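Me: I would like to learn how to read the strands, sheets and helix contacts of a model like this one. Could we go through them one feature at a time?

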Amino acid sequence: MIKTAIVGASGFTGLELIKILLNHPHFEITTLYGSEGGERIEGLYPSLKGVFEGEIKKANIDDIAKHDLVFLAVPHKTAMALVKELYGRVKIVDFSADYRLKQNNYESYYCPHIDPANLENAAYGLPEIFREFIKKSTLIANPGCYPTATILGLYPFLDYIEDGVFVDAKSGVSGAGKKLSETTHFVTDNENFFAYNPIKHRHSVEISEKTGLNVTFVPQLLPITRGMQISIYAKLKKDIDPIEVLKSHYQNEEFIRIQNKPVRIKDVAGTHYCDVFAMRNGEMLFINTAIDNLLRGASSQAVANANLIFGLDENIALPKIAYVP
C-alpha cells in the first residue's frame with residue numbers, strides 16, 4: 001500500500017479526499033494533519049463516525065516526509081512553505097495556487113513566491129491536456145475549479161476562435177471553503193444570486209495563462225452547496241460543427257461527457273465527470289460545461305493526478321454516480 005497523508009484534512013476538500021481514498025485499493029490514509037492538531041476527524045464530521053476515525057495531528061515536515069504521497073489541501077502561501085521543505089522527499093499533490101502560474105503572474109495576483117525554483121518542477125494537473133507531463137512529475141499543481149471547467153471547455157476550440165472570450169461562471173457556495181464570510185452567510189446566499197469580484201478575479205489569469213487567450217471572467221455565486229456551471233462566449237474564425245469538434249478532441253476521455261443539450265449541475269454533482277455542450281449562432285460560439293467544484297474541481301482530480309504519478313490507472317476510485325435526485 002502507498003502510505004498517504006492529507007494536510008488540511010479538516011476542510012471540505014479534505015473530507016472529499018477521505019471519502020474517495022477509503023475506496024482506493026492502493027492509497028492508504030496513514031495520517032491526517034492540520035495547522036494546530038488536537039482534533040478528531042469524526043468530531044469535525046460526525047458522518048465519518050464508525051466509517052473512518054482518527055486524530056488530526058499538527059503538521060510536521062519530517063513526519064510528513066515519511067509518507068509516499070501527500071495531498072496539500074491548504075491555502076496558498078501555506079502550501080509553498082511546505083513544498084519547499086518536502087520536494088524530493090515525497091510525492092506531492094498541491095491544491096493551492098502556489099505552483100499553477102508563472103512567477104510574475106502569481107505575484108501579481110497572490111503574494112511574493114518563496115519557492116520559485118520549484119515552479120519549473122510542477123506539472124499543471126489537468127490530465128486531459130497535460131497527462132504525459134504529469135506522469136513524469138512528483139509535484140502536481142492541482143488546478144482550481146473555475147479554471148478546470150473553463151479550460152476543458154475552451155481547449156478543443158483554441159484553433160477555431162478569435163482572441164478575447166467572455167466567461168460567465170457560476171459556482172455553489174462550498175467553493176469558498178468552510179470559513180464564514182459576508183458573501184457566504186446563509187442570509188446573504190439563500191434565495192439570492194450575485195456576481196463577485198468580476199473581471200479581476202485571480203482565476204482569470206490562470207485561464208489566460210493556460211489557453212493563451214484574453215479572458216473576461218465573471219464569477220457568480222449560486223444559492224446551492226456544490227456544483228459549477230460555465231458559459232463561454234467566443235467569436236469563430238472558422239466554419240465548424242462544435243459537437244463534432246468536441247467528439248473528436250475528447251473521443252478517448254472517459255470523464256468528459258459530450259452532451260447534446262445544455263449541461264446541468266445535478267448530472268455531475270458527486271462525480272469526476274465534466275459535461276460539455278457547444279453550439280453556434282452564425283460566427284458566435286457558445287460553450288457550456290458543468291463539474292462538481294469539490295471533486296473534479298479539487299479532490300477527485302487530485303486523486304487522478306496521484307494515480308498518474310504512481311503509474312496506476314488514472315481512473316481508479318474516481319466517483320461516477322451523481323447525487324440524483
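Reply: Let us begin with a single pair of residues: Arg40 stands opposite Glu55 in β4. Please keep in mind throughout that this is a predicted model.

Me: In which sense do β3 and β4 pair, and over how many bridges?

Reply: Strand β3 and strand β4, the latter made of residues 55-58, pair in the antiparallel sense, and 2 bridges hold the pairing.

Me: What is the strand order of the open sheet that contains β3 and β4?

Reply: The order is β3-β4-β2-β1-β5-β6-β8-β7, which gives an open sheet of 8 strands with mixed pairing. Its edge strands are β3 (39-40) and β7 (123-124), each of which pairs on one side only.

Me: How do β5 and β6 run relative to each other, parallel or antiparallel?

Reply: Strand β5 (residues 69-72) and strand β6 (residues 91-94) run parallel and are joined by 4 bridges; as an example of the register, Leu69 has Lys91 of β6 as its bridge partner. On the next step along the sheet, β6 pairs with strand β8 (residues 139-141), again in the parallel sense, over 3 bridges, and here Asp94 stands opposite Ala141 in β8.

Me: Which helix makes a β-α-β unit with β5 and β6, and what is the hand of that unit?

Reply: The helix is α4, residues 78-86, and together with β5 and β6 it makes a right-handed β-α-β unit. The loop between β5 and α4 holds Lys77, a residue worth inspecting in its backbone, since its phi is near 80 degrees, a positive value in a residue other than glycine.

Me: Where is there a cis peptide bond?

Reply: The peptide bond from Val324 to Pro325 is cis, with omega near 0 degrees, and Pro325 has its place in the segment after α11 (299-309).

Me: Let us turn to the other sheet. What is the strand order in the open sheet of 7 strands?

Reply: That open sheet has the order β10-β11-β9-β12-β15-β14-β13, and its pairing is mixed. The edge strands, each pairing on one side only, are β10 (194-195) and β13 (256-258). Within this sheet, strand β14 (residues 274-281) and strand β15 (residues 284-291) run antiparallel and are joined by 7 bridges, with Ala278 having Ile287 of β15 as its bridge partner.

Me: Which strands does α7 touch where it packs on this sheet?

Reply: Helix α7 touches β9 (165-171), β11 (215-221), β12 (228-235), β13, β14 and β15, and its direction makes about 45 degrees with that of β12.

Me: What describes two packed helices?

Reply: Two packed helices are described by the angle between their axes and the distance between the axes. For helix α7 (residues 145-154) and helix α9 (residues 203-211), the axes come within 9 Å and cross at roughly 30 degrees. Angles under 35 degrees count as roughly parallel, and α7 is therefore roughly parallel to α9. The crossing of these two helices is right-handed. On the α7 side the contact is made by Tyr146, Pro147, Thr150, Ile151 and Leu154, and on the α9 side by His203, Glu206, Ile207, Lys210 and Thr211. By class, this contact of α7 with α9 has 5 nonpolar, 3 polar and 2 charged residues.

Me: At what angle do α6 and α11 pack?

Reply: Helix α6 (residues 127-135) and α11 pack at an angle of about 35 degrees, with their axes 9 Å apart, and α6 passes α11 in a right-handed crossing. Pro127, Arg131, Ile134 and Lys135 of α6 make the contact with Gln301, Ala304, Asn305, Leu308 and Ile309 of α11. Sorted by class, the contact of α6 with α11 has 5 nonpolar, 2 polar and 2 charged residues.

Me: How is the contact between α1 and α11 to be read, and at what angle do their axes cross?

Reply: The axes of helix α1 (residues 12-21) and α11 come within 8 Å and cross at roughly 50 degrees, and the two helices are therefore oblique to each other. Helix α1 passes α11 in a right-handed crossing. The residues in contact are Thr13, Glu16, Leu17, Ile20 and Leu21 of α1 and Ser299, Ser300 and Val303 of α11, which by class are 4 nonpolar, 3 polar and 1 charged.

Notes:
Residues are numbered from 1 along each chain as its sequence is written. This is a predicted model: local features need pLDDT of at least 70, side-chain atom pairs count only at pLDDT 80 or more; totals for chains, interfaces and linings use all residues. Side-chain values use heavy atoms; hydrogens and water are left out. Two strands pair if DSSP finds at least two bridges between them. A crossover is right-handed if, with the strands pointing away from the viewer, the path from the first strand over the helix to the second runs clockwise. Axes are lines fitted to C-alpha atoms, for helices over the stretch in contact, and angles run from 0 to 180 degrees between N-to-C directions. Angles under 35 degrees count as roughly parallel, over 145 as roughly antiparallel, 65 to 115 as roughly perpendicular and the rest as oblique. A crossing is left-handed if the near helix is turned anticlockwise from the far one by less than a right angle, and right-handed if clockwise. Contact means heavy atoms within 4.5 Å. Ala, Val, Leu, Ile, Met, Phe, Trp, Tyr, Cys and Pro count as nonpolar, Asp, Glu, Lys and Arg as charged, and the others, Gly among them, as polar.
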